[in-house]
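Visitor: I am new to this structure and should like a close look at a single part of it. Please take me through one sheet and its surroundings, step by step.

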Amino acid sequence: MIMFRLYAGLWLILMPLMRLWLGWRIIKGKEQRDRIAERYGKTSLTRPDGKLIWFHAASVGEAVSALSLARTIFDKHPDIHILITSGTLTSARMVANAIAKHPHAARLIHQMQPLDASYIIRRFLNHWRPDILLSLESDLWPMMICNTHARGIPVMMASAQMSDASMRRWQRIGHAARQIIFSAITRIEAIDDEQADRFRRITSPGWTEINVSGSLKATAPPPAIDDDMVNRINHLANDRTVILLASSHPGEDDIVVEAVEAIQQSEAILLILTPRHVERGKSIHTMLAQRDIPAFLLSQNSWPDSISPPKKMQVCVADVMGQMGSFFSAADIIIMGGGFMPLGGHNPMEPAACGKGVISGTNVNKNTAIYKRLDDFGGVIWADNARDLTQAMLSLITAPTRLQHLNSGAYSAYQSFTQQSHAVADQVLQLIASSASGASGTSGTSGTSGKATI
């Protein structure tokens, strides 16, 4: 308990610095000035009547999982409302775009993740009064979990995973401190047996229920496709091979461009680079100009009329949101970002849902279970550097049957995951129904269940 009181006190001490930090993030384009109040648990929105599920997602990948699970829950319980919190501006924009196109848009709400100071979390809970908290993030926020639990609101983790380093850090924390956190979590649904075992090694029997239900990242429906965008890409490609680098990070664009340059003398290429964070578009465009590679920024809508024959490679820097499904559809070969640098990889099941396999680097520790399933079905080719990547692309370009096998394997892997969201949705609804104090989420009060609030 002393450790958590110190943690709570540290937030109070650091709060002036938090204001400076958030101000710096506004300047850097990582926060919206008009949404900063949400970081302090404040909002101008009214809590809707009825049951409200709180999904917490860290960033884009977890937000995709939340939206996928929301769709499944709405199919089972159409009168429920779902609040999604996330911590990045990129995820906020993605969720906003998805909500605008969602069939249950009126029942979906997004807020920026509140800071994990106890008084801010209490303010957030006083207003929203959720009936359950479902965390889809691997990081654990003590004030969020403990204050929610203190009000008798069930707390659940889904798609739960923990790195080996994180497990060792938790093991160094005292038994009593771990008990405070994990006994406040009703259920942990891990992505695989290995992850479930890691949670069991840092908990004791009776603290929380630990099961395996897979990764919700793998169950998202295919992203929306803009036929006009696909047609424009196909017109520009003009029978050239379309290669897509999806969700890239600094350094990965250079690796892919180097690999494509190695094959462009024999193959005409249209390369689409989609940075994970769209604000990187201009720096990527500058890098390409320095290499004397013709390129254009999609955000400027500066489509060239055609690619002249001597220029075998043209690059589209797709620094826009909401078009990934169109890029997956138009691409002949997909390279998945996040795996060529020590970043943990990104979800390959989005292209798999579109019937497309991927080439990926091997640094995919944040998505190990998904990639293992994809590998088992033959839906991924591994590459660690530009040379490996060149060879992988050439093998797909020159052997169409191998590309067909890659794509069909990826889609089979996706189909094997699709039932998982139904199981998790049922568990969420059962926890709401069985919670003796669940009605407090809709009673209009902010009372607690008598448990200690940190």
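Guide: Strand S12 pairs with strand S13, which covers residues 358–360, in the parallel sense, and two bridges join them. Within this pairing, Ile335 stands opposite Ile359 of S13. Please bear in mind throughout that the model is predicted.

Let us stay with S12 for a moment. The strand covers residues 333–336; Ile333 and Ile335 point one way from it, whereas Ile334 and Met336 point the other way. This follows a general pattern, because in a regular strand the side chains alternate between the two faces of the sheet. All four of these residues in S12 are buried.

S12 also pairs with strand S8, residues 241–248; these two strands run parallel and are joined by four bridges. Here the bridge partner of Ile243 is Ile333 in S12.

We may now place these strands in the whole sheet. The sheet is open and has seven strands in the order S10-S11-S9-S8-S12-S13-S14, with parallel pairing. Its edge strands are S10, residues 295–297, and S14, residues 380–382, each of which pairs on one side only. From one strand to the next, the twist averages 20°.

Towards the S14 edge, S13 and S14 pair in the parallel sense over three bridges. Ile359, already met opposite Ile335, also stands opposite Ile381 in S14. Elsewhere on the sheet, helix H12, residues 281–290, packs against the strands and touches S9 (269–275), S10 and S11 (313–317). The direction of H12 makes about 165° with that of S10.

Strand S8 deserves a second visit for one of its residues, Ser247. Is Ser247 buried or exposed? Its relative accessibility is 9%, so Ser247 counts as buried, the limit being under 20%. The side chains of Ser247 and Arg276 are joined by a polar contact of 3.4 Å. Leaving aside residues up to four places away in sequence, Ser247 touches several others, including Glu252, Thr274, Pro275, Met324 and His346. Gly337 and Gly338 are also among the residues that Ser247 touches.

The aromatic residues offer another view of how parts are brought together. The count of aromatic pairs comes to five. One of them joins Trp170 and Phe182 edge-to-face, at 5.1 Å centre to centre and with 70° between the planes. Trp170 belongs to helix H7 (residues 164–172) and Phe182 to helix H8 (residues 175–182), so this pair ties together parts that are twelve residues apart in sequence. Trp170 counts as buried because its relative accessibility is 17%, and Phe182 counts as buried at 0%.

A further pair brings us back to the sheet. Tyr371 and Trp382 form a tilted aromatic pair, 5.5 Å centre to centre, with 45° between the planes. Since Tyr371 lies in helix H15 (residues 368–376) and Trp382 in strand S14, the pair ties together parts that are eleven residues apart in sequence. Tyr371 is buried, with a relative accessible area of 1%, whereas Trp382 is partly exposed, with 32%.

One last ring completes the tour. Arg373 lies over the face of Phe417, at 4.1 Å from the ring centre.

Note on methods
Residues are numbered from 1 along each chain as its sequence is written. This is a predicted model: local features need pLDDT of at least 70, side-chain atom pairs count only at pLDDT 80 or more; totals for chains, interfaces and linings use all residues. Side-chain values use heavy atoms; hydrogens and water are left out. Buried means under 20% relative accessible area, exposed over 50%, partly exposed in between (1.4 Å probe, protein chains only). Two strands pair if DSSP finds at least two bridges between them. Axes are lines fitted to C-alpha atoms, for helices over the stretch in contact, and angles run from 0 to 180 degrees between N-to-C directions. Contact means heavy atoms within 4.5 Å. A polar contact is a pair of N or O atoms within 3.5 Å; within protein, one must be able to donate a hydrogen and the other to accept it, and residues adjacent in sequence count only if both atoms are side-chain atoms. Rings of Phe, Tyr and Trp (its six-membered ring) pair if their centres lie within 6.5 Å; planes under 30 degrees apart count as stacked, over 60 as edge-to-face and the rest as tilted. A charge sits over a ring if NZ of Lys or CZ of Arg is within 6 Å of the ring centre and within 35 degrees of the ring normal.
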